[in-house]
Protein chains: 2
Amino acid sequence: MRRIITGLAVTALFTSYLAAADAPKGRTPNDIVDAAPVAEWTRIAASDLVVMDLAPDEKGRARRAVIQLIPAPFSQGWVGNIRKFVAARWFDGIAVVRVQDNYVVQWGDPDGETPGKAKALPAGMQTVPQRDYVRPVDQGLLHAFKQLNDGEADRTVLSPTNPDAYLRNGFTLLYHGWPIATDGQNAWPLHCYGMVGVGRNLSPDTGTGAELYTVIGQAPRQLDRNIALVGRVISGMEHLSSLPRGTGPLGFYKTAEERTPIISVRTGDQVSDLPAYEYLSTESASFTAYADKRANRKDDFYITPAGGVDVCNVPVPIREVKR
Amino acid sequence: MRRIITGLAVTALFTSYLAAADAPKGRTPNDIVDAAPVAEWTRIAASDLVVMDLAPDEKGRARRAVIQLIPAPFSQGWVGNIRKFVAARWFDGIAVVRVQDNYVVQWGDPDGETPGKAKALPAGMQTVPQRDYVRPVDQGLLHAFKQLNDGEADRTVLSPTNPDAYLRNGFTLLYHGWPIATDGQNAWPLHCYGMVGVGRNLSPDTGTGAELYTVIGQAPRQLDRNIALVGRVISGMEHLSSLPRGTGPLGFYKTAEERTPIISVRTGDQVSDLPAYEYLSTESASFTAYADKRANRKDDFYITPAGGVDVCNVPVPIREVKR
């Protein structure tokens with residue numbers, strides 16, 4: 001998201017991103033990210049990435065989505081299952097089966113519920129209990145929560161004055177790289193755009209991880225604490241979000257031909273042509289400035305800053321670097 | 001979004017929508033909408049619709065998006081301009097020029113800023129001042145605001161306990177069919193998914209309406225009060241949201257070939273094969289129950305209700321009826 005010259009202003013919606021050749025008034029969120037020092041970026045271990053290669057598009061172009069698995073303490077039972085699915089190459093040959101506009105893209109075994117046709121699961125799948133949708137807070141988070149409750153936090157995304165419609169007694173924040181909520185006792189990840197979750201049947205089923213989805217619209221936060229989140233798409237999201245919407249109920253494709261095949265799924269350490277990825281530490285000064293700027297846009301384009309921002313509207317910056 | 005049988009549970013993410021053949025625990029938001037009496041539905045005048053026919057897709061299938069123009073008191077200067085653009089058939093032959101993932105789809109004259117090549121605007125375009133991004137509250141809204149401030153409102157989406165990250169002193173609500181915010185003095189529409197706004201250059205430019213966009217991701221609420229909203233897509237959103245993302249800066253397409261041509265744009269009363277559209281009155285009992293259910297999901301699928309919901313996560317139900 002580099003600056004482009006004003007000659008392109010033909011299409012000048014949101015030109016705050018465009019460099020006014022004649023000196024812009026204020027820095028933009030992207031300016032802050034671009035200027036963040038190397039030390040503020042955190043490398044994501046290749047072994048924590050899941051690389052999903054879809055069938056090429058109709059013009060033969062490759063389509064790859066890269067998912068970062070969520071770290072402990074969240075959802076580790078499901079994450080462990082997913083690692084087993086990948087290791088067994090179980091995901092190879094499944095397909096995108098559902099695209100519901102402003103909701104989710106979902107992939108899995110198209111015959112998953114058809115007796116006699118469903119692909120057998122690898123051995124050793126864990127059945128994770130519902131209580132694992134949330135996790136007890138750690139000391140660092142407890143400290144942050146106390147700061148918030150005492151009004152001592154001075155960061156926009158970690159602020160007692162930043163309300164959230166889905167929480168009566170608690171806060172949302174960006175913490176150790178992830179959007180989470182906490183009520184001071186438990187914490188849980190949030191259904192923001194691009195987050196990856198585990199499809200499941202009716203409660204008390206919690207899903208194995210064989211069927212996954214990612215959010216492609218307004219954050220469906222009502223799913224928080226009701227379904228396991230296991231990661232997020234950090235590259236290639238556009239290959240999923242731009243797929244044709246299904247015309248069956250809930251956006252399922254009506255015919256096999258409409259589905260997008262998934263050719264192979266590997267962990268990042270098994271993929272030789274993968275770049276490395278870094279995220280801007282959510283505990284860094286630059287991230288604080290970036291989030292604050294997203295909450296208070298005022299520059300050549302913006303005239304009225306909101307003074308606040310939704311946690312799902314502060315995407316954690318990700319960049320590619322040489323491996 | 002009708003019920004489907006559990007045999008389809010192959011793909012059972014969010015099966016709360018699926019009718020459990022053996023009696024579901026609770027009604028879903030869609031159940032409530034389906035049961036709403038005829039009197040609670042409000043017809044949208046065909047003259048307030050803008051019908052945008054894109055070029056057919058690569059398989060020759062028609063692609064039509066229908067936009068409802070926002071009513072008074074909001075953005076009427078820009079809406080008036082757009083009516084003139086449509087009447088002059090000025091939009092015929094423009095194109096989708098930009099698709100930025102998790103942000104906007106934008107359409108306009110690809111040569112709009114190129115001297116000598118830009119399409120001449122129709123006569124009589126109004127230059128609307130920035131102050132028109134907001135409008136003084138009317139008596140009805142003032143009453144609702146007082147209810148909210150006094151804690152007398154008992155509706156989830158019209159409730160003093162439903163906070164919003166983008167407002168320090170005010171409330172968001174669904175009012176007369178639209179998502180709006182008010183601080184008790186002014187009101188303004190909100191950048192929810194599918195809302196349509198007016199592209200513009202740097203402030204103090206406010207745009208004419210020649211270049212429009214719609215939101216295809218997490219609500220970019222920082223744009224509220226900074227740009228004019230003129231309507232929302234009520235049908236065919238999937239033809240816009242699933243377009244390939246542009247690979248140039250800000251999601252602009254790099255080549256003319258990547259753009260999707262817009263064949264014709266007409267008001268609804270000029271289109272003979274258009275159905276009529278109705279929305280569920282936001283002042284109806286069913287809408288209240290629907291919004292409340294979206295804030296408090298608990299049924300065969302959901303185990304932990306949030307107790308709140310973001311205003312942009314309560315889409316106003318729209319349905320087609322015979323004209």
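Student: How many residues does each chain put into the contact?
Tutor: The contact takes 70 residues from chain B and 70 residues from chain A. Keep in mind that this is a predicted model.

Student: Which elements of chain B give two or more residues to the side that touches chain A?
Tutor: They are strand 4 (95-100), strand 5 (104-108) and helix 4 (237-241) of chain B.

Student: And how do the residues on that side of chain B divide into nonpolar, polar and charged?
Tutor: There are 30 nonpolar, 22 polar and 18 charged residues on the side of chain B that touches chain A.

Student: What turn lays chain B on chain A?
Tutor: A turn of 180 degrees, with a shift of 0.0 Å along the axis. The RMSD is 0.0 Å. The two copies are therefore related as by a two-fold rotation axis.

Student: Why do we say the copies meet through the same surface?
Tutor: Because 99% of the interface residues of chain B are also interface residues in chain A.

Student: New topic. What domains is chain A divided into?
Tutor: Domain 1 covers 6-39 + 294-321, and domain 2 covers 42-137 + 185-274. Their centres in chain A, taken over C-alpha atoms, are separated by 31 Å.

Student: Where does A:Asp138 lie?
Tutor: In the loop between strand 6 (135-136) and helix 3 (139-149) of chain A.

Student: Why does A:Asp138 count as partly exposed?
Tutor: Because A:Asp138 has 14 C-beta neighbours inside 10 Å. Buried needs 20 or more, and exposed means 12 or fewer.

Student: What separates the C-alpha atoms of A:Asp138 and A:Ala187?
Tutor: 8.9 Å, with the two residues 49 residues apart along the chain.

Terms used:
Residues numbered from 1 in each chain as written. Chains lettered and ligands numbered in written order. Predicted model: local features only at pLDDT ≥ 70, side-chain atom pairs only at ≥ 80, totals over all residues. Contact = placed C-beta atoms within 7 Å. Helix = DSSP H or I, 4+ residues; strand = E, 2+ residues; numbered from the N terminus. Nonpolar A, V, L, I, M, F, W, Y, C, P; charged D, E, K, R; others polar. Least-squares fit on C-alpha atoms with pLDDT ≥ 70 in both. Domains from an automatic or database assignment.
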